[in-house]
Amino acid sequence: TTLAMSDYYETIDGARCDSAIIKACRDAGVAAPDGRISCEAAGKVYEAVADGGTIAATERWTLYYCLSNFKWTGDAHDW
């Protein structure tokens, strides 16, 4: 499945973010009983970050946003 560019990006606080990374974090937080992203889920988030083989500026900004705005377990945050 190919995403349209408008589906691939999400604008948050005026910055263009990778919607797959945001979705991975949202899904992981909702699935966790305590709402925190686990170390296992962090691996899935990283897969979304590195999906194109390189980590571009948009992916780095999105990851920074996610680390700052979602709840992570200590191990997952440091993963």
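I will talk about how helix 2 packs against helix 3, and then about two cysteines and the core around them.

Before that, please keep in mind that this is a predicted model, in which local features need pLDDT of at least 70 and side-chain atom pairs count only at pLDDT 80 or more, while totals for chains, interfaces and linings use all residues. Residues are numbered from 1 along each chain as its sequence is written, and side-chain values use heavy atoms, with hydrogens and water left out.

Helix 2, residues 19-31, and helix 3, residues 39-49, have axes that come within 8 Å and cross at roughly 170 degrees, the axes being lines fitted to C-alpha atoms over the stretch in contact, with angles from 0 to 180 degrees between N-to-C directions; helices here are DSSP runs of H or I with at least four residues. That makes the two helices roughly antiparallel, a label for angles over 145 degrees. On the helix 2 side, Ala20, Ile21, Ala24, Cys25 and Ala28 meet Ala41, Val45, Ala48 and Val49 of helix 3, where contact means heavy atoms within 4.5 Å.

Why is Cys25 not bonded to Cys66? The closest cysteine sulfur to that of Cys25 is in Cys66, 3.5 Å away, which is too far for a bond, since a disulfide needs the sulfur atoms within 2.5 Å. Cys25 is buried at a relative accessible area of 0%, and Cys66 is likewise buried at 0%, buried meaning under 20% with a 1.4 Å probe and protein chains only.

Conventions:
Parallel < 35°, antiparallel > 145°, perpendicular 65-115°, else oblique. Buried < 20%, exposed > 50% of the residue type's maximum accessible area, 1.4 Å probe, protein only. Core = buried A, V, L, I, M, F, W, Y, C linked by side-chain atoms within 4.5 Å.
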